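These are my notes from going through one structure. I looked things up one at a time and wrote down what I found.

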Amino acid sequence: MAAKKIVLNFPKEKIDKPIVARLIKDHDLSFNIMKASITPDQEGHMVLELIGDAPEIEKGIRFLKEQGVKVEPLAKDIRVNWGKCTQCGACVSICPTSALYVKDRQTMEVAFDTDKCIACELCIRPCPPRAIEVHF
Amino acid sequence: MAKTIAEINEKIKKGQAVVVTAEEIIEIVAKKGVAAAAKEVDVVTTGTFGPMCSSGAYFNFGHTKPKIKAGGGTASLNGVPAYTGWAAVDLYLGATALPADDPRNKIHPGEFAYGGGHVIEELLAGKDVRLQIEAYGTDCYPRKHLDSWISLKDLNEAVLFNTRNAYQNYNVAVNLSGKTIYTYLGTLKPNLGNANYCSAGQLSPLLNDPFLKTIGIGTRIWLGGGVGYVAWQGTQFNPHAPRLDNGVPKRPAQTLAVIGDLKGMSPKWIKGVSFVGYGPTLNVGIGVPIPLLNEEIAKHVAVRDEDIQCAVVDYSEAYPQGKPDVLGEVNYAQLKSGEIEVKGKKVPTSGISSYKNARIIAEELKEQIKKGDFLLTEKVADLPTGADSPKFKPLNERPTKEGN
Ligand code: SF4
Ligand code: SF4
C-alpha cells in the first residue's frame, strides 16, 4: 500500500467531468480530499491524497494528465519570512530535523535548510513574530 | 589613569574617540591587559534585543471638537484596550494588552496573534490605527464617543516608557513534566526536551557594568533605533542576587526603566511578538554605551560568555509555584554551543533574545558614537545598588474575608 499527495488543477472545461470518479474506480484507489476549490475563473483546484498500489497510483496520475489535468506533487512549502524573523533562535530547539539551525555559533545567526524540512509545522506557532509560513 | 565623561565627549566630538563593542573589548583586554585597554579605549557599546513584557507607550492624541475626556472611560487602539486613568486625551498602551474578544487560552494553547506590542509596531510602521473611546461626558468635556483613525505623525507625544527592561541575567527555562508547556520563555518540550535562555550574555548591557558604576538615571541609551534615557531603576530591581567573583549576578538581578521618543524609533527594533499559550509582548532593542573611565570598569566590560553563569529552572513546577529550586548552573558559552547538560541529560538550547541582533545594535551604537552623532551623559543619580537598598520580595498575601 502506498500513498501520495498531489495537487490537481482542472481546466475550466473539465470541472464537470467525472474524472476523479474514474481515477478511483479504474485504478482501485481510495482517496482523501485535503482541499478543493473552484477559482473565480472557473478552474478547479484540488489537493488529493491517493492510497493504493504504487504502480496503480502512477498509472492513475498518468490518466489524469491525459485528461488535461495539471498534476503536481504536494510539497508543502515552509518558508521563513526573513523580514519578520527577529533571529531569536526559539525555533532551533523545536525543529526535529535541524532544518532550522544556528549557522554560525559566533554570530548566532539562524538559518533554514529547506531540504531538511519535513513540513511538520511544529515551529509555526512557537515563533514569536510568526515569521515561519506554510505555503501550499 | 582615569578619564572623565566630559573628556570622552570632547574626543567623540572631534571624531577621535576609540569605540569598540563589548565583544571586541574581550580580545583587546586579553591581548593588552586591563590597564592598556582602559587607557586606549574610550567607550564600549553593548546591545540586547529580546521580548520585554513590561513595556508600553503613552500618547497624547490631541483634543477633539467638541472635547472628550477619556479618563474614567474606556479606550482601545485597533481593539486593544489602552489605559485611560489619566486626563482627557492621554493614553497608555501596554505591550501585553489583548483585545477584549481574544479567546486567550480558552483552547489551550492560545494563539495570541495580536496585542499591544503589535499596535505599537504598526504605529511605528506609519500605519493607521483605529482609536475608539467611550467617555461619560462632562460640562467641560461633553463628547461621549470617538472613533477615528490616528497615525504616529498625528500624535502630539508618543513616548515609549518601559518599566522593566534589560534584565541583568535571566533563568534558563526547562520542562521536567511529561507534557509540552507554553511559557514566556517559549514552548518547552516535555522531559527536558529543550532549554530556552534569554540574555545577550557578554553583550548584554547590565552584565558589562554589574555594579552600575556608569549607568544611572539620565544615562542616554540607544533605544529601539532612536534615542532614549534611563528613567529609573526597573521594577523587580534586585542588586542582592548572588554574584560570582567577577561581580556578575548569577540570577535575574537589576533592571532598567527606560524612556524615549517613539517617533524617533524603528519598527525593526520595536517589534510586536507573541508567545503561544502565553500572550503578546514587545521585542525591544537597547544599546547602552559604557565609558571606560578606569581600570575597574575596563575589567568588567571584558566579561565573556563563559564568565557568566545562570540558573536552570523548571517551568512546569518550580517557577509557577514560586519555589526557589534550581536544577543547576550553566554559563552562556555552554548555552550558545547549542546543548547543555541537565540532570545528566543532554538538552538542546534555544535563545529567546537575539544575539545576532544584539551584535548589530552594539555595532550601530559604536558607529554613531564614532561619527559624533551620539554623546555620552553623566548620570544624574545612582540606581539603588547598595547593600542597604530594598530587597525584592514576593507578595505578603493577606486574604480578605470577601474574596475567599
Ligand atoms: S516544519 Fe518541522 S521540519 Fe520544517 S522547519 Fe518547521 S519544525 Fe523543522
Ligand atoms: S523562532 Fe521565528 S523569529 Fe525566532 S529565529 Fe526562528 S524563525 Fe526567526
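Entry 1, a bridge between chains. I looked up B:Glu111 and found that its side chain meets that of A:Arg130 in a salt bridge, with 2.8 Å from N to O. I note here that the model is a predicted one. I then followed the charges further: A:Arg125, A:Arg130 and B:Glu111 are linked in a network of salt bridges. I asked how many salt bridges cross the interface of chain B and chain A. The rule finds 2.

Entry 2, the interface as a whole. I looked up which residues take part, and 22 residues of chain A are in contact with 31 residues of chain B. The size of an interface is often given as the accessible area lost when the parts come together. For chain B and chain A I get a buried area of about 2,000 Å². Carbon and sulfur atoms give 49% of that area.

Entry 3, salt bridges elsewhere. I searched the whole structure and have 24 salt bridges over all chains. I picked three to look at.

In chain A, A:Lys59 forms a salt bridge with A:Glu56, and their closest N and O atoms are 3.2 Å apart. The two residues are separated by about one helical turn, because they stand 3 residues apart in helix α2 (residues 54-66) of chain A. I checked A:Lys59 for accessibility: its relative accessible area is 40%, so A:Lys59 counts as partly exposed.

In chain B, B:Glu27 forms a salt bridge with B:Lys31, where the closest N and O atoms are 3.7 Å apart. Helix α2 (residues 24-32) of chain B holds both B:Glu27 and B:Lys31, 4 residues apart, about one turn of the helix. Are B:Glu27 and B:Lys31 buried or exposed? I find both exposed.

The third is also in chain B, where B:Asp307 and B:Arg304 meet through their side chains in a salt bridge of 3.0 Å, N to O. B:Asp307 has 21% relative accessibility and so counts as partly exposed. B:Arg304 is partly exposed too, with a relative accessible area of 35%.

Entry 4, a glutamine in a loop. I looked up where B:Gln202 sits and found the loop between β14 (195-197) and β15 (220-223) of chain B. Its relative accessible area is 8%, so B:Gln202 is buried. Leaving aside neighbours within four places in sequence, I list among its contacts B:Ala22, B:Glu23, B:Ile26, B:Lys336 and B:Tyr355. B:Arg304, from the third salt bridge above, is also in contact with B:Gln202.

Entry 5, the nonpolar cores. The largest nonpolar core has 70 residues, and I asked which of them touch the most other members. They are A:Ile132, B:Ile25, B:Val172 and B:Ile340. Helix α7 (residues 355-370) of chain B gives the most to this core, with 6 residues. I took B:Val172 as an example: not counting residues up to four places away in sequence, B:Val172 touches B:Ala195, B:Tyr197, B:Cys310, B:Val330, B:Leu335 and B:Ile340, among others. I also found a second, separate core of 49 residues, which includes B:Ala57, B:Val80, B:Ile215 and B:Ile286.

Entry 6, ligand 1. I counted 13 residues around ligand 1. Which of them come nearest? My answer is A:Cys95, A:Cys117, A:Cys120, A:Glu121 and A:Cys123. I sorted the shell by type and have 11 nonpolar residues, 1 polar and 1 charged.

Key
Residues are numbered from 1 along each chain as its sequence is written. Chains are lettered from A and ligands numbered from 1 in the order in which they are written. This is a predicted model: local features need pLDDT of at least 70, side-chain atom pairs count only at pLDDT 80 or more; totals for chains, interfaces and linings use all residues. Side-chain values use heavy atoms; hydrogens and water are left out. Buried means under 20% relative accessible area, exposed over 50%, partly exposed in between (1.4 Å probe, protein chains only). Contact means heavy atoms within 4.5 Å. A nonpolar core is a set of buried Ala, Val, Leu, Ile, Met, Phe, Trp, Tyr and Cys residues joined through side-chain atoms within 4.5 Å. A salt bridge is a side-chain nitrogen of Lys or Arg within 4 Å of a carboxyl oxygen of Asp or Glu. A residue is near a molecule or strand if one of its heavy atoms lies within 4 Å of it. Ala, Val, Leu, Ile, Met, Phe, Trp, Tyr, Cys and Pro count as nonpolar, Asp, Glu, Lys and Arg as charged, and the others, Gly among them, as polar. Buried area is the accessible area (1.4 Å probe) that two parts lose on being put together, summed over both.
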